[in-house]
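I opened this notebook to keep track of what I looked up, one entry at a time. The topics are open spaces, a strand and its partners, and a few single residues.

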Amino acid sequence: MTKEEQFIFDLEGYIVVKNALSPEAAAELNRIADERFPYQTPETTSEWSVLPWGDPVKRLIDHPKILPYLVELLGDRVRLDHDYAIFMNQGEKRGGGLHGGTGSTHWYHYRNGEMSNGLTVVTWFLTPAPEGAGGFACVPGSHKSNFNTADIPEEVRSFESPAHYVVQPVVETGDALIFTEAVIHGTMAWRSQIERRTLLFKYSPGHSSWARDWYSRFDVGELTERQQRLLAPPSSEGHEAVL
């Protein structure tokens with residue numbers, strides 16, 4: 001990460017990596033999504049693990065433009081904790097409102113010149129989210145706040161009332177947004193006429209896990225040696241460096 005990127009992440013709790021996916025890679029993932037994730041009902045807009053979708057998706061596990069960020073934010077024994085997709089059509093909402101903040105698996109610290117994070121998310125955007133489109137939103141800087149989500153009025157947490165401190169980042173197709181789960185965040189109603197298509201890959205330090213089940217329960221097919229290391233179960237010892 002550049003010094004400016006470090007500054008941005010430390011300041012806001014997230015960063016947008018522009019053009020992380022090439023146009024060709026984004027188009028291929030959208031083609032696969034057309035086949036594997038057809039729109040059904042508002043209740044079927046997420047799926048636990050998209051890795052069985054094939055190699056183009058599995059290449060996101062250790063994507064060369066993103067893995068260096070993860071190593072800097074989480075350490076060189078980072079592991080993929082879980083992943084899923086969120087697709088939304090215009091007018092759809094997702095429950096939960098604003099959530100997150102510091103907790104047992106969610107943290108952000110800066111000590112001795114290094115950032116330390118718990119559960120950290122890479123959100124891949126297969127379609128754009130222009131200003132006012134909705135989707136991912138957060139309270140920048142809240143990963144360092146002395147207050148938590150419960151201190152935010154309910155009408156703001158549920159997105160029923162706007163607040164200047166809740167921000168919806170503007171992103172384009174192919175961008176990746178990396179954020180710490182320690183930052184307060186949530187999903188606004190989707191307002192764009194273009195379907196929202198996002199793939200969320202959530203990483204943890206090698207010893208930590210948010211998910212109850214690990215990738216051993218899924219048939220994800222063949223993996224490279226490094227991808228196998230990234231999908232290893234959590235443990236305090238035995239994790240090999242991924243770079």
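The entries below follow the order in which I went through the model, which is a predicted one.

**Entry 1, the largest pocket.** I began with the pockets and noted that the largest has a volume of about 410 Å³. It is lined by 24 residues, and those closest to its centre are Tyr-84, Ile-86, Arg-94, His-99 and Lys-202. I then asked which elements give two or more residues to this lining. They are strand E2 (46-48), strand E3 (79-88), strand E9 (185-188) and strand E10 (196-204). Sorted by class, the lining of the largest pocket has eight nonpolar, eleven polar and five charged residues.

**Entry 2, the second largest pocket.** Next I looked up the second largest pocket, which holds about 270 Å³ of space. Of its 16 lining residues, Glu-72, Gly-113, Glu-114, Met-115 and Ser-116 are the closest to the centre. Helix H1 (3-12), helix H4 (67-74) and strand E5 (114-117) each supply at least two residues of this lining, and by class the lining has seven nonpolar, five polar and four charged residues.

**Entry 3, a cavity.** How many cavities of 30 Å³ or more does the structure hold? I found one, and wrote down a volume of about 40 Å³ for the largest cavity. Among the residues that line the largest cavity are Phe-125, Phe-136, Trp-190 and Arg-196, and the classes in this lining are seven nonpolar, three polar and one charged.

**Entry 4, strand E10.** I came back to E10, since I had met this strand at the largest pocket. Nine of the nine residues of E10 are buried. In a regular strand, side chains alternate between the two faces of the sheet. In E10 I listed Arg-196, Thr-198, Leu-200, Lys-202 and Ser-204 as pointing one way, with Arg-197, Leu-199, Phe-201 and Tyr-203 pointing the other way. As for partners, E3 and E10 run antiparallel and are joined by nine bridges, with Ile-86 standing opposite Thr-198 in E10. E6 also pairs with E10 in the antiparallel sense, over six bridges, and there Val-121 stands opposite Lys-202.

**Entry 5, Thr-120.** I picked one residue of strand E6 (residues 120-125), namely Thr-120. Is Thr-120 buried or exposed? Its relative accessibility is 0%, so Thr-120 counts as buried. A polar atom of the Thr-120 side chain lies 2.8 Å from the backbone oxygen of Gly-118. Leaving aside neighbours within four places in sequence, I noted that Thr-120 is in contact with Leu-74, Ile-178, Phe-179, Thr-180, Phe-201, Lys-202 and Tyr-203.

**Entry 6, two positive phi values.** My last search was for backbone angles, bearing in mind that most residues other than glycine have a negative phi. Asn-19 has a positive phi, near 55 degrees, and lies in the loop between strand E1 (14-17) and helix H2 (23-36). Asn-19 has a relative accessible area of 49%, so I wrote it down as partly exposed. Phe-159 is not a glycine either, and its phi is positive at about 65 degrees. I located Phe-159 in the loop between helix H5 (154-157) and strand E8 (176-180). Because its relative accessibility is 23%, Phe-159 counts as partly exposed.

Methods
Residues are numbered from 1 along each chain as its sequence is written. This is a predicted model: local features need pLDDT of at least 70, side-chain atom pairs count only at pLDDT 80 or more; totals for chains, interfaces and linings use all residues. Side-chain values use heavy atoms; hydrogens and water are left out. On a 1 Å grid over the protein atoms alone, a cavity is a set of points where a 1.4 Å probe fits but cannot get out, and a pocket is an open set with protein on both sides within 12 Å along at least five of seven lines; lining residues have an atom within 4 Å of a point. Grid points are joined across faces, edges and corners, and a volume is the space filled by probe spheres set on the points. Ala, Val, Leu, Ile, Met, Phe, Trp, Tyr, Cys and Pro count as nonpolar, Asp, Glu, Lys and Arg as charged, and the others, Gly among them, as polar. Buried means under 20% relative accessible area, exposed over 50%, partly exposed in between (1.4 Å probe, protein chains only). A polar contact is a pair of N or O atoms within 3.5 Å; within protein, one must be able to donate a hydrogen and the other to accept it, and residues adjacent in sequence count only if both atoms are side-chain atoms. Contact means heavy atoms within 4.5 Å. Two strands pair if DSSP finds at least two bridges between them.
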